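Visitor: I would like a close look at one part of this model, the pairing of oppositely charged side chains. Please start there and then work outwards.

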Amino acid sequence: TSFGGGASNNGTSSYNLTLSQYCYKNGNNESHIPDIIIKCIDFIEMNKKNLETEGIYRKSGSQSLIEEVERRLYLNHDDLDFSVDDIHVVANVLKRFLRRLSDPIISFEIYDPLISLVKDNNLIMNLPLSDNSNVELDSDLFEFIKVSITKLLQQLPVENLEVLKLLIKHINLVAQYDKFNLMNLHNLTLV
């Protein structure tokens with residue numbers, strides 16, 4: 001299945017594929033990160049204006065433009081030119097790609113153990129998520145959490161882990177502009 005009609009050999013969408021399957025079908029085996037993700041993030045991070053756009057991941061772009069960009073992306077990976085003025089279109093293309101994967105980046109296999117780790121150790125309260133936090137970090141708890149999360153993440157396919165690393169860096173950068181884009185870490189986790 002693809003967006004807007006049948007997919008060519010070079011035009012496979014992410015719909016009902018795992019990230020590993022998508023990378024294999026589209027020749028992204030060496031980088032482990034699909035071109036569509038890299039190109040969307042590069043475009044968003046291209047300049048300060050894009051990063052400062054209000055509601056960058058919250059507001060919706062034009063549906064017809066989103067579908068046109070997706071169609072171009074899936075038909076021709078090498079010649080992608082975001083000739084759109086609306087950064088929300090590109091952000092929506094990235095979100096839709098990730099949502100259409102059959103297995104999320106943080107896979108079903110590690111999701112429940114990860115949530116249990118957070119709940120069982122009351123990490124919402126015990127782990128500071130920002131430099132402004134008044135929570136004192138327990139070094140033993142931190143080491144335990146670091147080892148536990150590392151073990152869980154090692155269960156992910158390499159493609160998922162590489163995309164997760166890239167998304168964490170990207171989300172962190174977008175959150176640094178939250179005074180302008182109104183997308184703090186809390187808002188970004190909801191998208």
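Guide: Happily! A salt bridge here is a side-chain nitrogen of Lys or Arg within 4 Å of a carboxyl oxygen of Asp or Glu. The model is a predicted one, so to read what follows: local features need pLDDT of at least 70, side-chain atom pairs count only at pLDDT 80 or more, and totals for chains, interfaces and linings use all residues. Residues are numbered from 1 along each chain as its sequence is written, and side-chain values use heavy atoms, with hydrogens and water left out.

A good starting point is R96, whose side chain meets that of E70 in a salt bridge, with N and O 2.7 Å apart. This pair ties together distant parts of the chain, since R96 belongs to helix α5 (residues 87-99) and E70 to helix α4, with their positions 26 residues apart. Helices are DSSP runs of H or I with at least four residues, strands are runs of E with at least two, and both are numbered from the N terminus. Both R96 and E70 are buried, a word that stands for under 20% relative accessible area, while exposed is over 50% and partly exposed lies in between (1.4 Å probe, protein chains only). The pair also belongs to a wider arrangement: a network of salt bridges links E70, R96 and R100.

Over the whole structure, a search finds seven salt bridges. Two others make a nice contrast with the buried pair. In one of them, the side chains of K146 and E143 come together at 3.6 Å, N to O. These two residues are separated by about one helical turn because they stand three residues apart in helix α8 (residues 139-153). K146 counts as partly exposed because its relative accessibility is 41%, and E143 falls in that class with 39%.

The other one joins E162 to K165, where the closest N and O atoms are 3.3 Å apart. Here too the spacing is about one helical turn, because E162 and K165 are three residues apart in helix α9 (residues 158-175). E162 is partly exposed at 24% relative accessibility, and K165 is partly exposed at 43%.

Now for some surroundings, beginning with the stretch ahead of α4. G61 sits in the loop between α3 (48-51) and α4 (63-75), and it counts as buried because its relative accessible area is 12%. Setting aside neighbours within four places in sequence, G61 is in contact (heavy atoms within 4.5 Å) with I66, D86, H88, V89 and N92. For N92, 31 residues away along the chain, the C-alpha atom is 6.8 Å from that of G61.

Helix α3 holds N50, which is buried, with a relative accessible area of 7%. The side chain of N50 reaches the backbone oxygen of F43 at 2.8 Å. Beyond the neighbours within four places in sequence, N50 is in contact with F43, I44, I56 and I87.

Helix α2 (residues 35-44) contains I38, which is partly exposed because its relative accessibility is 27%. I38 is in contact with I33 and L166, again leaving aside neighbours within four places in sequence. Between the C-alpha atoms of I38 and L167 the separation is 9.8 Å, although the two residues are 129 residues apart along the chain.

Stepping back to the chain as a whole, it has 11 helices and zero strands. Of its 191 residues, 38% count as buried. Among contacts with a separation of 6 or more, 68% are between residues 24 or more positions apart. The chain exposes about 11300 Å², with carbon and sulfur atoms supplying 51% of it; accessible areas come from the Shrake-Rupley method with a 1.4 Å probe, and for residues only the protein chains shown count as cover.

One last stop is the cysteines. C23 is buried, its relative accessible area being 0%, and C40 is buried at 0% as well. The structure holds zero disulfides, where a disulfide is a pair of cysteine sulfur atoms within 2.5 Å.

Conventions. Polar contact = N/O pair within 3.5 Å; in protein donor to acceptor, adjacent residues only side chain to side chain.
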